[in-house]
Amino acid sequence: MNHDTIAAISTAVGEGGIAVIRVSGPDAVGESAKLFRSKSKITEAESHTVHYGHIVDPKTGDTVEEIILTIMRGPRSFTAEDVVELSTHGGVVAVKRVLELLLREGTVRIAEPGEFTKRAFLNGRIDLTQAEAVIDLIRSKSDRAFSIAMKQSEGALSKRVKALRHTLIELLAHIEVNIDYPEHDVADMTSAFIKERCKEAEAEINKLLKTAREGKILREGIVTAIVGRPNVGKSSLLNALVQENKAIVTDIPGTTRDVIEEYVTLGGIPLRLLDTAGIRETSDVVERIGVERSRSALEEADLILFVLNVNEPLHPDDRLLMEQLRDRRVVILLNKTDLPTVLEIAELESVFAADSIVRLSVLQETGLDVLEGVISRMFFSGELETADLTYVSNVRHITLLGHTLQSLADAVEATDMGIPIDIVQIDVRTAWELLGELIGDSVSESLLDQIFSQFCLGK
Ligand code: GDP
Ligand code: ZN
């Protein structure tokens, strides 16, 4: 535990936005109380309580700021120490003034970059991957990215790495038993067992590495393909979402020749939108390039917006798409509801969940808010996330997982070569240690400093 108390402005000081000063350490409550005037006596206040009052300069008696003060007593706080958060809505000057008052007596000192998070880590409050998620949190721009970072922060990656380590420690125990009691004479079974377990671990690590791709979502959004037959309104939808006329909108079927990409935030969730040429067989060469691209866009998409025209009956191509999209994360968009409905909606409802079917008219700009709601619901319910719930987002993770994979491969190779299991054990142990390093179980002080120096002040 640290014996000094630190403080810093922990939110970006914007134009008129709320700014928070975070104070952490044994004197957090006491020092704040010296400046705080309110009905409640905060030195006696319970943990996780919120108080309204004013910051008063004890020397001059001047009221500096109107604030909301939150008390979180250790260990039930971010740093596991006593934490006080002072929220002000005044501008930069007021916030700095409050901070200066706090620091004036010398009991509280200004926090170093990343020091709050470092304390949380050192006090066993969070592990290293969670700490790193905080870095992503700081860097993430949209609400959606924020929530992914939160998920990791809650330890999704750590959980899987811990499970892996558990498997390996069991394996190590198993090997140990066989080294200690060789008379059991189960050597053959053991090497088969070691191989099997190592292969399992390898598969899991490969999965985690594959999700490194999903880690990009943080910056690039959910890859979303807009598909449907020509002229149903895909480009119009894209334009409506982007609110810029970047895609060419036209009445001539099949003129969206290429895949156009746009980045939008819908319901707080960043989407990378791909507008594709209509998915259909065609003899036109130029068109076909577009169609090929839309096929691959369809394959790589995390989310598919399938657009249909309610003013036309289902076309064989629609039924083909319905078949292809059956098990995908898809929103069915029934467009042109300003025109009479002839589309067999019941048939669509027999294939797709009712709450994934949205009626809209891009022309009249109705229903777009519903689409927004559906995407947001899908995301927050986890439906949109199966691939990237646990994701690997930084170079250190990827490197360590790569090394772990190598150690496991070495172990498998060694068993294949008939090398004694006490030697094989070394590779397994290395793999276990590398995973430990990933979640911060065995990190050196210098690595810690490297990681925490990446933080902004106040986190
Ligand atoms: P795409 O080929 O699927 O990309 O379709 P477009 O976006 O190019 O639209 C084809 C035509 O349908 C254009 O004339 C649009 O103005 C029109 N359109 C798009 N949305 C609507 C709608 O909601 N209602 C009506 N009546 N027409 C629409
Ligand atoms: Zn188009």
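Two strands are taken as paired where DSSP finds at least two bridges between them. On that criterion, this predicted model contains a parallel pairing of strand E11 (residues 303–309) with strand E12 (residues 330–335), the two being joined by six bridges. Within this pairing, asparagine 309 has asparagine 335 of E12 as its bridge partner. Between E11 and E12 the chain passes through helix H11 (residues 316–325), forming a right-handed β-α-β crossover.

E11 is also joined to strand E8 (residues 222–227), again in parallel, by four bridges. Here threonine 224 is bridged to leucine 303 of E11. The two pairings of E11 are set out below.

| Partner of E11 | Bridges | Direction | Citation |
|---|---|---|---|
| E8 (residues 222–227) | four bridges | parallel | |
| E12 (residues 330–335) | six bridges | parallel | |

The burial of E11 may be described face by face. In a regular strand, side chains alternate between the two faces of the sheet. In E11, one side carries Leu303, Leu305, Val307 and Asn309, the other Ile304, Phe306 and Leu308, and both faces are covered, with each of these residues buried. The strand is accordingly described as mostly covered, with seven of its seven residues buried.

A further element with extensive burial is helix H3 (residues 115–122), which is largely enclosed by the rest of the structure because seven of its eight residues are buried. The buried residues of H3 are Glu115, Phe116, Thr117, Lys118, Arg119, Ala120 and Phe121. Just after this helix, glycine 124 adopts a positive phi of about 75°.

Key
Residues numbered from 1 in each chain as written. Chains lettered and ligands numbered in written order. Predicted model: local features only at pLDDT ≥ 70, side-chain atom pairs only at ≥ 80, totals over all residues. Buried ≥ 20, exposed ≤ 12 C-beta atoms within 10 Å, placed from the backbone. Right-handed = clockwise from strand over helix to strand, strands pointing away.
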